[in-house]
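Colleague: I've got this model open and I'd like a close look at a single part of it. Could you walk me through the annotated binding site and what surrounds it?

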Amino acid sequence: LAGSAEIGAEIQRLKEEQDAILLVHNYQPDEIQDIADITGDSLELSRAAATREEGVIVFCGVDFMAETAAILSPEKTVLLPAEDACCPMAQMISAPELRLAKERHPDAAVVCYVNTSAEVKAESNICCTSSNAVKVVNSVKEDEIIFVPDRNLGRYAQRFTKKKVMPWEGFCIVHDRITPSQVMAARKAHPDAVLLVHPECRPEVIDLADHVASTSGIIREVAASKKKEFIIGTEIGILYRLKKECPDKACFPLDEKGICRNMKKTDLKKVRDALLTLQPRVTVPDDVAARARGAIERMLALP
Ligand code: 13P
Ligand code: SF4
């Protein structure tokens, strides 16, 4: 532990030297959340990447998040300390596959979840995150929407729109494994608890929830609630932030094995080394970035 305190101090010093900011997703390991400048959900972190002044962004998350930051701020140095941290769901669609779908549905708009590659964003009309998917779907003028890649988020958005949402068949391996029988068991164990789930969960799980929200939305809901007990249906990294920010509330995981291995690849040494060497750096080719930027900026421009 003495070692981690020293590395933590080194990170603080290097951050100032390099004019860097540490953006940390809500699923990151506890010790990474502890050194964050901003901890947040995908939308909050994209906004921070777009607006903050620092010249170096250290993205503690997975690759598509760092790519999004690089697209929004091509003049900045964007670092992904865990070079191989990827999102399996984002890999469930490629740009050529999306181009084929667009040929099949020439009148449809493409809404892409931020959990996609830069190439897929470049083929999309507008991007969304879990906190604004419904608003984004309703903002496009087309009546038909190709929604990629998360089938569960697409089906969730369909509940709140008259438009025809055609979801891709992708899914998050962490959320899609949660079943209604796990919900029943958790409800039985904690009969007074409020059940909050992420919209990447299956429809049959969403049907049983009291609230559906992004990771930061779940944290806000717990903080604002008068209730004392909560069952949390998302990746378990969020429990650390809940414990820190809502110490008077009891939060139980809906799926205690709900761990995103890729989100856990960041550690203090990798963050320190990234700040020392300004590597591994994430860049996006100019032509791809130019087309993908439009999709992200249209999302950020929504009120
Ligand atoms: P949010 O933090 O935007 O809810 O995203 C969840 C997620 O799975 C990110 O990979
Ligand atoms: Fe991807 Fe799911 Fe991990 Fe988020 S939690 S990075 S959606 S695999």
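Modeller: Sure, but keep in mind that this is a predicted model. UniProt, in an unreviewed entry, places the feature "binding site" at His25, Ser42, Tyr113, Val114, Asn115, Ser130, His198, Pro199, Glu200 and Thr215. Those annotations may be inferred rather than shown by experiment. Let's take two of these positions, Val114 and His198, in turn.

Val114 sits in the loop that links β5 (109-113) to α6 (118-122). Is Val114 buried or exposed? The cut-off for buried is 20 or more other C-beta atoms within 10 Å, and Val114 has 25, so it counts as buried. Setting aside residues within four places in sequence, its contacts are Ser42, Ser46, Phe64, Thr68, Cys127, Cys128 and Thr129. Of these, Ser42 is itself on the UniProt list of binding-site positions.

Now for His198. You'll find this residue in the loop between β9 (194-197) and α10 (203-206). His198 is buried too, because 30 other C-beta atoms lie within 10 Å of its own. Beyond the residues up to four places away in sequence, His198 touches Ser130, His175, Ser214, Thr215, Gly233 and Thr234. Ser130 and Thr215 appear in the UniProt record as binding-site positions as well.

Then there's ligand 2. Its surroundings are made up of Val62, Cys87, Pro88, Met89, Asn115, Cys172, Ile173, Val174, Glu235, Cys260, Asn262 and Met263. Asn115 is one of the positions in the UniProt feature. By type, that shell splits into nine nonpolar residues, two polar and one charged.

To put the site in context, step back to the whole chain. It has 14 helices and 12 strands, and 48% of its 303 residues count as buried. The radius of gyration is 19 Å, which agrees with the value near 19 Å for a compact globule of 303 residues. Among contacts with a separation of 6 or more, 63% join residues 24 or more positions apart.

The largest nonpolar core has 95 residues, and Ile57, Val58, Phe59, Val111 and Val148 have the most contacts inside it. Helix α4 (residues 63-72) gives the largest share of this core, with seven residues. For a feel of the packing, try Phe59: leaving aside neighbours within four places, its contacts are Leu23, Met65, Ala66, Ala69, Val78, Leu79 and Leu80. As a general matter, nonpolar side chains in soluble globular proteins tend to be buried together.

Technical notes:
Residues are numbered from 1 along each chain as its sequence is written. Chains are lettered from A and ligands numbered from 1 in the order in which they are written. This is a predicted model: local features need pLDDT of at least 70, side-chain atom pairs count only at pLDDT 80 or more; totals for chains, interfaces and linings use all residues. Helices (H or I, at least four residues) and strands (E, at least two) are DSSP runs, numbered from the N terminus. The radius of gyration is taken over C-alpha atoms; the globule rule is 2.2 Å times the number of residues to the power 0.38. A residue is buried if 20 or more other C-beta atoms lie within 10 Å of its own, exposed if 12 or fewer, and partly exposed in between; C-beta atoms are placed from the backbone. Two residues are in contact if their C-beta atoms, placed from the backbone, lie within 7 Å. A nonpolar core is a set of buried Ala, Val, Leu, Ile, Met, Phe, Trp, Tyr and Cys residues joined through C-beta atoms within 7 Å. A residue is near a molecule or strand if its C-beta atom, placed from the backbone, lies within 6 Å of it. Ala, Val, Leu, Ile, Met, Phe, Trp, Tyr, Cys and Pro count as nonpolar, Asp, Glu, Lys and Arg as charged, and the others, Gly among them, as polar.
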